[in-house]
Amino acid sequence: MRTTLRRVAVGLSLAALTATAAACGSATANDTAAGGGTELPAASALDGKGEVSIDFWHAMSGKNGEVLQQLTDEFNAKNKGRVKVNLQFKNTYDDTLSAYKAALNSGQAPDVVQVYDIGTRFMIDSKSTIPVQSFVDVDKTDTSDIQPNIAGYYSVDGKLNSMPFNTSMPLLYINKTAFIKAGLDPANPPKTIDEITEAARKLTVKDAGGRVTQYGFGAALYGWYMEQWTAAGNQEYCDQGNGRDGRGTTVKLATDDHVKLLTWWKKMVDEGLAPKLDSNTTTADNAFTAGTVAMTLESTGSLGGFLKSTEGKFEISTGNYPKINATDAGGPIIGGASLWVVGKGKDDAHKRGAWEFVKFLSDKDSQATWHTSTGYFPISKGALETEVDKQWVAQRPQFQTAITQLQNTPLSKATQGCLLGAMPQARKAAEQAMQAAVLSGTDPRAALQEQEQAMTGPIKEYNQSVAG
């Protein structure tokens, strides 16, 4: 669903990132992407051009890739003789963005490219794309159907830079069967980390020899989760308004809440309530589906796989992403990827053809197909009202938690997420601090301060590479 792609994507080369950003031109802190000029082609740009060929680079494999091909075939059939989209699979998110950078320098860029969430700042700074908002304004497109909290991530100053496509958000996953056996109510899941501890003490099971056979809680020490806890606390992860008022210069890792979080996590491991897991999400996922941990954290995109893997073994229920403090007033950030219309080096027909395809993938019917076939969260509010989507959710009531959680999360700069050119490195730095504190016993504040300081250089280097 999403695990492999998202995990691989955190290791971007800073040298490659900065070199291409510099080659593409500078951008001020609040610039939106602008690669094709201010005059945008109308729908008539396709008239008399024959069949315009549009190249779309993406990172969807397996079932996701099959569904994307299905939707593309549907679009091509509807636009036969006018626009034809050619899918080109570029492996992981990381590989797709690397290929895009190389193509910008060689003049062989695609017409549409799928870029993961934390590549957003680079795409804006590259000045190689046309903001989706520009097409929306020219066409007077009604965007009220897009979920506000999903559009929010890809927006700066109220302007939508790219079109959200495959969207996910984190949930608390629960072994419902184990909950009931332990005398807990799965309909009332833990809402805070302290409540997780209370439930974990009842859920942890040992054999006659004292060996733990079921831990109460277990999740990967994955940097994305720290970003989620920050947003749930309605706190900004980086300065400059989470990188939305200007280019961020600091990642806020060494906060009191992060210290509290890592102290809690280490205590859970020390008490034998949680196993020692590293940052590999696949390992943590397998521990949950095997029944060796009764609660875990994961993306909505994992629901389908979890249900399939545990069929006949135990039932699953879900809860909102837990908060560090009961008074925290924020909510989690969306993840996944979005679609960017490339403007640099493109004629009007290709720009318009690319936009028509992106618009098609975002409509309620396409999103209903995408959601029910892949498990990604639909960006369209209307998709959730289609009959096929209603039936899908009715058969998987666990997903209703995600719908409610998204709708109840206040839209703020905190919950929009941090836009940072060096965000891939920042996510890795958070993981290193988490592992040092939880697995190696390093003082949590010292571990966080070390990684926060280590990010100073990469952030400065990136910002200088795109400075005017």
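**Exercise 1. What volume does the largest cavity have, and which residues line it?**

Step 1. This is a predicted model. The structure holds three cavities of 30 Å³ or more. The volume of the largest cavity is about 100 Å³.

Step 2. Its lining has 18 residues. Nearest the centre lie Glu227, Tyr237, Ile333, Gly417 and Cys418.

Step 3. Assign the elements. Helices α10 (223-232) and α20 each supply at least two lining residues. The top contributor is α10, with five.

Step 4. Sort the lining by class: 10 nonpolar, five polar and three charged residues.

**Exercise 2. Describe the second largest pocket by volume, lining and class.**

Step 1. The volume of the second largest pocket is about 330 Å³.

Step 2. This pocket is lined by 19 residues. Gly319, Asn320, Tyr321, Thr401 and Gln405 lie nearest its centre. Two elements, β12 (316-319) and α18 (400-408), give two or more residues to the lining.

Step 3. The class count is seven nonpolar, 10 polar and two charged residues.

**Exercise 3. Locate the hubs of the largest nonpolar core.**

Step 1. This core has 134 residues. Phe217, Trp229, Trp265 and Met295 have the most contacts inside it. Helix α20 (residues 423-438) gives the largest share, eight residues.

Step 2. Take Phe217. Leaving out residues up to four places away in sequence, its contacts include Trp264, Trp265, Met268, Val293 and Met295.

**Exercise 4. Decide where the coordinates deserve caution.**

Step 1. Mean pLDDT for the chain is 90, and 91% of residues reach 70 or more.

Step 2. Over residues 1-38, pLDDT stays under 50. The model still has 130 contacts beyond four places in sequence for this stretch.

Step 3. Where pLDDT is low, predicted coordinates should not be read in detail.

Note on methods. Residues numbered from 1 in each chain as written. Predicted model: local features only at pLDDT ≥ 70, side-chain atom pairs only at ≥ 80, totals over all residues. Heavy atoms only, no water. 1 Å grid on protein atoms, 1.4 Å probe; cavity = no way out; pocket = protein on both sides within 12 Å on 5 of 7 lines; lining within 4 Å. Points joined across faces, edges and corners; volume = space filled by probe spheres on them. Helix = DSSP H or I, 4+ residues; strand = E, 2+ residues; numbered from the N terminus. Nonpolar A, V, L, I, M, F, W, Y, C, P; charged D, E, K, R; others polar. Core = buried A, V, L, I, M, F, W, Y, C linked by side-chain atoms within 4.5 Å. Buried < 20%, exposed > 50% of the residue type's maximum accessible area, 1.4 Å probe, protein only. Contact = heavy atoms within 4.5 Å. pLDDT = per-residue confidence, 0-100.
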